[in-house]
Amino acid sequence: MLESIPGQVFVVSVVIIISIIAFSSQIFLFFPAYDGWSYASFITLGPLNLLVGMVYYNYYLAVVTDPGKIPSYWEPPASIVSNIKENLAEGITGPRFCKACTVYKPPRSHHCRYCNRCVLRMDHHCPWINNCVGNNNYAHFIRFIIYADIACIYVFVLLIGRVKAIMNAIRHFQFDAEPDTIQVVFMVLNFIMVFIVLFCVGILTIYQLYCMCRNQTNIESWERGKVNKLVKKRKIPPVNYPFDIGYYRNICEIMGHNPLLWLWPKECESDGLVFPVIPETDPRLPYYWPPRDPDDLRPSIFSSKYRRQKEVEKRLREDPDAIIEESDEYYDSGSFVTDSENEYSIEDEEESMKYSLSNRNDPSYPRYAHDSNYYRNSTESSEDDDKIPLSAVTSRRKTISKQD
């Protein structure tokens, strides 16, 4: 349904809601209480207008900032896929590949079906900003919802103070202080709108702050739950989420390394291609996270996904009007298989891995250097660093498909 509504409608709606709460309350309720501009009104309403300005500006940055595009030159190291067939039973696969964009996906990147592109460190697609929340605009989005919460709380406190002042005046028989009909209407309207916005955005803010403290996106939070299920079912060995490096460092990765400037609008410091990881992390883990269900890595007719597809087909044959809910099983975030495509092809993954593995004994095909706490970006690599030529992989796939 969201796809049928132009994104500009959501953006205009947000601007209108902010404007109604910010300015109708001042024009019809607060300014009359102070008899217009005065020192008292400036001291009271000045901070509110500064908050509103920060809300507008951070919202603007969240809307217009590109969330992060995968550079055309980026490719994963070939050593990451070496000996990968030995680890399929543990859900370990090769680097993820997006068939829709025909590019390898860096760690934490995902394909957005609304934007029809891959996004670096994708958190989610937000219709209210008509944009994806990704690596480059995530901090802007966090600041926007934080300032929106603070501004709503400020307005709510002023509204309560205004109601108390009116009730106190009536109690002392100052009936000229009674609000007129317009003031009553806008007072009720502002109370309702502030409560709804504060409730909805407040819950979102709490959840986003929780995710930021754990250095996980919305998608990764969901993935971690699926991985925990696989571990509990003993389908894969225990595995630690690699990007949770501590509360303070997690926040610094998003908001910057100077705590005094966390709420000040500024560009993201990360390039979205390389991320610090916890010590002694398998250097392959950031590239194939999350581990997959080993059942889905078996030949297609034995995979759990194949069985689910057959169950759905059987249900539809029995009842063509049956409502098929999305499976609660493992999420395929793509590993040589795209998360932008519904159909899973084990052949594509096997052929891609065969190509990479066939070069591992080639002396001209160098190995990739890692350390235990940080994996390197291809832009920082030397001439000895290895690369997987994307054009060779894709051309080989086309050749194989034509032969078949």
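Okay, before anything else, one definition: when I say buried, I mean a residue with under 20% relative accessible area. Keep that in mind, and keep in mind too that this is a predicted model.

Let's go straight to helix H4, residues 181–213. On the buried list there we have Gln-183, Met-187, Asn-190, Met-193, Val-194, Val-197, Val-201, Gly-202, Thr-205, Gln-208, Cys-211 and Met-212. For the spacing, remember that an α-helix has 3.6 residues a turn, so residues three or four places apart point the same way.

What sits over those buried positions? The cover includes helices H1 (7–33), H3 (138–171), H5 (218–232) and H6 (247–255), plus strand S5 (124–126).

As for the helix itself, H4 has 33 residues and runs 47 Å from first C-alpha to last, close to the 48 Å you'd expect at 1.5 Å a residue. At its N-terminal end there's a cap from Asp-180, with a side-chain oxygen 3.3 Å from the backbone nitrogen of Ile-182.

Now the other end. H4 is followed by Asn-215, which is in the loop between H4 and H5. Asn-215 isn't a glycine, yet its phi is positive, at about 55 degrees. Buried or exposed, this Asn-215? It counts as buried, because its relative accessibility is 3%.

Asn-215 also turns up in the next bit, among the contacts of Glu-220. Glu-220 is in helix H5, and it counts as buried because its relative accessibility is just 1%. So what does a buried glutamate's side chain pair with here? The side chain of Arg-108, in a polar contact at 2.7 Å. Setting aside neighbours within four places in sequence, Glu-220 touches Arg-108, Asn-215, Tyr-241 and Phe-243.

Two more backbone items to look up on screen. Glu-280, in the loop between H6 and H7, is another non-glycine with positive phi, near 60 degrees. Glu-280 counts as exposed, because its relative accessibility is 74%. Then there's a cis peptide bond between Trp-289 and Pro-290, omega about 0 degrees. Pro-290 is in the loop between H7 (285–288) and H8 (304–318).

Zooming out to the whole chain: 10 helices and 6 strands, with 48% of the 404 residues buried. If we take contacts with a separation of 6 or more, 73% of them are between residues 24 or more positions apart. And the accessible surface is about 21300 Å², with 60% of that belonging to carbon and sulfur atoms.

That's my tour, so over to you.

How values were computed:
Residues are numbered from 1 along each chain as its sequence is written. This is a predicted model: local features need pLDDT of at least 70, side-chain atom pairs count only at pLDDT 80 or more; totals for chains, interfaces and linings use all residues. Side-chain values use heavy atoms; hydrogens and water are left out. Helices (H or I, at least four residues) and strands (E, at least two) are DSSP runs, numbered from the N terminus. Buried means under 20% relative accessible area, exposed over 50%, partly exposed in between (1.4 Å probe, protein chains only). Contact means heavy atoms within 4.5 Å. Accessible areas come from the Shrake-Rupley method with a 1.4 Å probe; for residues, only the protein chains shown count as cover. The expected span of a helix is 1.5 Å times one less than its number of residues. A polar contact is a pair of N or O atoms within 3.5 Å; within protein, one must be able to donate a hydrogen and the other to accept it, and residues adjacent in sequence count only if both atoms are side-chain atoms.
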